[in-house]
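The exercises below are meant to be worked with the sequence and the coordinates open side by side. Each one sets a task and then goes through a solution in steps.

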Amino acid sequence: MSTTRRHATLIAHDKALEAAGAAIRLVLKVPSPLRPLADQVIRAASSVPANLAEGQGRTGRDRQHFWRIAYASARELDSHLRLLAAAGAVDPERVKQLLASFDDVRALTWRLLN
């Protein structure tokens, strides 16, 4: 892997870890009826940095596969966070900040893929 791509992967991974931690903290106190959706946020958020890291350790098409999963999980997370905000279960301003963070992660991941 080129030095530039390795550096971009590490930046994406670091940003994904930070954003995922913030997303998980945000949904820890979601009311019980929406708990399954909060659990989906936790799974999707943790999937993004995990798949970026796993992809970094792979080669060829296998690497691309994990980076695509990371990208898709960040998209999934976007939907879940918007829904929780619309339901009034989480702070919409905090969601807006998280969406921007995960948008940065998606942009970096897109660059890795293309």
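**Exercise 1. A loop residue**

In which loop does Val30 lie, and is Val30 buried or exposed?

Solution. The model is a predicted one, and every value used here is computed from it. Step one is to place the residue: Val30 sits in the loop that links H1 to H2. Step two is to apply the cut-off, under which a residue is buried when its relative accessible area is under 20%; because the value for Val30 is 6%, Val30 counts as buried. Step three is to list the partners, and once neighbours within four places in sequence are left aside, Val30 is in contact with Arg35, Ala38, Leu84, Ala89 and Val90. As a last step, take a pair of residues, Val30 and Tyr71, which are 41 residues apart in sequence and lie 25 Å apart in space, C-alpha to C-alpha.

**Exercise 2. Helix spans**

Work out what length H3 should span at 1.5 Å a residue, and set it against the distance between its end C-alpha atoms; then treat H4 in the same way.

Solution. H3 has 27 residues, and because the expected span is 1.5 Å times one less than the number of residues, H3 should span 39 Å. The end C-alpha atoms of H3 are 40 Å apart, which agrees with that expectation. For H4, with 22 residues, the expected figure is 32 Å, and the distance from its first C-alpha to its last, 31 Å, is close to it. Beyond the end of H3, note that the helix is followed by Gly88, whose phi is positive, near 80 degrees.

**Exercise 3. The core and its helices**

Which residues of the largest nonpolar core touch the most other members, and which elements give two or more residues to this core?

Solution. The core has 33 residues, of which Leu52, Leu81, Leu84 and Phe102 touch the most other members. The elements giving two or more residues to this core are helix H1 (3–27), helix H2 (35–56), helix H3 (60–86) and helix H4 (92–113). In soluble globular proteins, nonpolar side chains tend to be buried together. The buried residues of H4, however, include Arg106 and Thr109 alongside Phe102.

Two further residues test the cut-off. His13, in helix H1, is buried because its relative accessible area is 18%, and, not counting residues up to four places away in sequence, His13 touches Pro49, Leu52 and Ala53. Ser47, in helix H2, counts as buried because its relative accessibility is 15%, and, with neighbours within four places left aside, Ser47 is in contact with Ile69 and Ser73.

**Exercise 4. The largest pocket**

Describe the lining of the largest pocket, and say where its largest share comes from.

Solution. Begin with the volume, which is about 160 Å³. The lining divides into 4 nonpolar, 2 polar and 5 charged residues; H1 and H4 each supply at least two of its residues, and the largest share, 6 residues, comes from H4. Among the lining residues are Glu18, Arg25, Arg94, Ser101 and Asp104.

Finally, examine Glu18, which belongs to helix H1. Because its relative accessibility is 63%, Glu18 counts as exposed. Glu18 and Ser101 are 83 residues apart in sequence, yet their C-alpha atoms are 8.7 Å apart in space, and both residues appear in the lining of this pocket.

How values were computed
Residues are numbered from 1 along each chain as its sequence is written. This is a predicted model: local features need pLDDT of at least 70, side-chain atom pairs count only at pLDDT 80 or more; totals for chains, interfaces and linings use all residues. Side-chain values use heavy atoms; hydrogens and water are left out. A nonpolar core is a set of buried Ala, Val, Leu, Ile, Met, Phe, Trp, Tyr and Cys residues joined through side-chain atoms within 4.5 Å. Buried means under 20% relative accessible area, exposed over 50%, partly exposed in between (1.4 Å probe, protein chains only). Helices (H or I, at least four residues) and strands (E, at least two) are DSSP runs, numbered from the N terminus. Contact means heavy atoms within 4.5 Å. On a 1 Å grid over the protein atoms alone, a cavity is a set of points where a 1.4 Å probe fits but cannot get out, and a pocket is an open set with protein on both sides within 12 Å along at least five of seven lines; lining residues have an atom within 4 Å of a point. Grid points are joined across faces, edges and corners, and a volume is the space filled by probe spheres set on the points. Ala, Val, Leu, Ile, Met, Phe, Trp, Tyr, Cys and Pro count as nonpolar, Asp, Glu, Lys and Arg as charged, and the others, Gly among them, as polar.
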